[in-house]
Amino acid sequence: MFLALVHIYDNLRLKYPSALTSIEQIVNNVKGKRIALFLDYDGTLSPIVDNPDHAFMSNAMRVAVRNVAKCFPTAIISGRSRERVRKFVGLKELYYAGSHGMDIMCPVQSPAADHNTEVPNYIFLRNYVNPTIFHIFRSFKSYYFI
Ligand SMILES: O=P(O)(O)OC[C@H]1O[C@H](O[C@H]2O[C@H](CO)[C@@H](O)[C@H](O)[C@H]2O)[C@H](O)[C@@H](O)[C@@H]1O
């Protein structure tokens, strides 16, 4: 079992090499393109710990995220509630998507010069997905959820 997992991991690393060893290739690929950064929270910005309420990110990580957000629009996407993950990260200049992207919030003030103030996904969620989910739940009124 362990060897099989190691094999799967090695294959994944071949298919998706570390960004740190591919910087030159990344720089070439993004020439002439706008960059946006999407980051996960648990296990990416914070370590995985037993108690989810104790999954704090370090200050060094917070400074790194703040600095990168000065250059590119930066978003945190999490399975957690948006408010919860925003509290953990504590940076006003980011986009936050909680509940696996169902709840999106724009930064109060965008620090990167070329930030696009309009978030089409947000508008899509507000105008289409939310009413659709509401409609689906209404039609399930007589069902029990377990
Ligand atoms: O999308 P993410 O930001 O990665 O959130 C996914 C889940 O993260 C949290 O659970 C995970 O991290 C916990 C703290 O380190 C750990 O105890 C747990 O085993 C992990 O699954 C969070 O508690 C969940 O609500 C998120 O869905």
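Helices and strands here are DSSP runs, with at least four residues for a helix and at least two for a strand, numbered from the N terminus. With that in hand, let's walk through this predicted model. The chain's secondary structure comes to five helices and four strands. Followed along the sequence, these elements appear in the pattern α-α-β-α-β-α-β-β-α.

Now for the chain as a whole. It has 146 residues, and 24% of them are buried. Take the contacts between residues at least 6 apart in sequence: 43% of these join residues at least 24 apart. On the outside, the chain exposes about 11100 Å², with carbon and sulfur atoms supplying 62% of that area.

Helix H3, residues 59–71, is a good place to look more closely. At 1.5 Å a residue, its 13 residues should span 18 Å, and the end C-alpha atoms lie 19 Å apart, which agrees. Which residues of H3 are buried? They are Arg62, Val65 and Ala69. Looking down the axis of H3, you would find these buried residues within an arc of 65°, so they line one face of the helix. Their packing partners are strand S1 (37–40), strand S2 (74–77) and helix H4 (82–89).

Finally, turn to the surface. Met1, Leu5, Ile8, Leu12 and Tyr16 make a nonpolar surface patch of about 590 Å². One of these residues, Leu12, is found in helix H1, which covers residues 2–15. Is Leu12 buried, partly exposed or exposed? Its relative accessible area is 42%, and partly exposed covers values between the 20% limit for buried and the 50% limit for exposed, so Leu12 counts as partly exposed.

Technical notes: Residues are numbered from 1 along each chain as its sequence is written. This is a predicted model: local features need pLDDT of at least 70, side-chain atom pairs count only at pLDDT 80 or more; totals for chains, interfaces and linings use all residues. Side-chain values use heavy atoms; hydrogens and water are left out. The expected span of a helix is 1.5 Å times one less than its number of residues. Buried means under 20% relative accessible area, exposed over 50%, partly exposed in between (1.4 Å probe, protein chains only). The arc is that of the directions from the helix axis to the C-beta atoms. Contact means heavy atoms within 4.5 Å. Patches are made of residues with over 30% relative accessible area and no salt bridge: like charges are joined within 9 Å, nonpolar side chains (Val, Leu, Ile, Met, Phe, Trp, Tyr) within 5 Å. Accessible areas come from the Shrake-Rupley method with a 1.4 Å probe; for residues, only the protein chains shown count as cover. A salt bridge is a side-chain nitrogen of Lys or Arg within 4 Å of a carboxyl oxygen of Asp or Glu.
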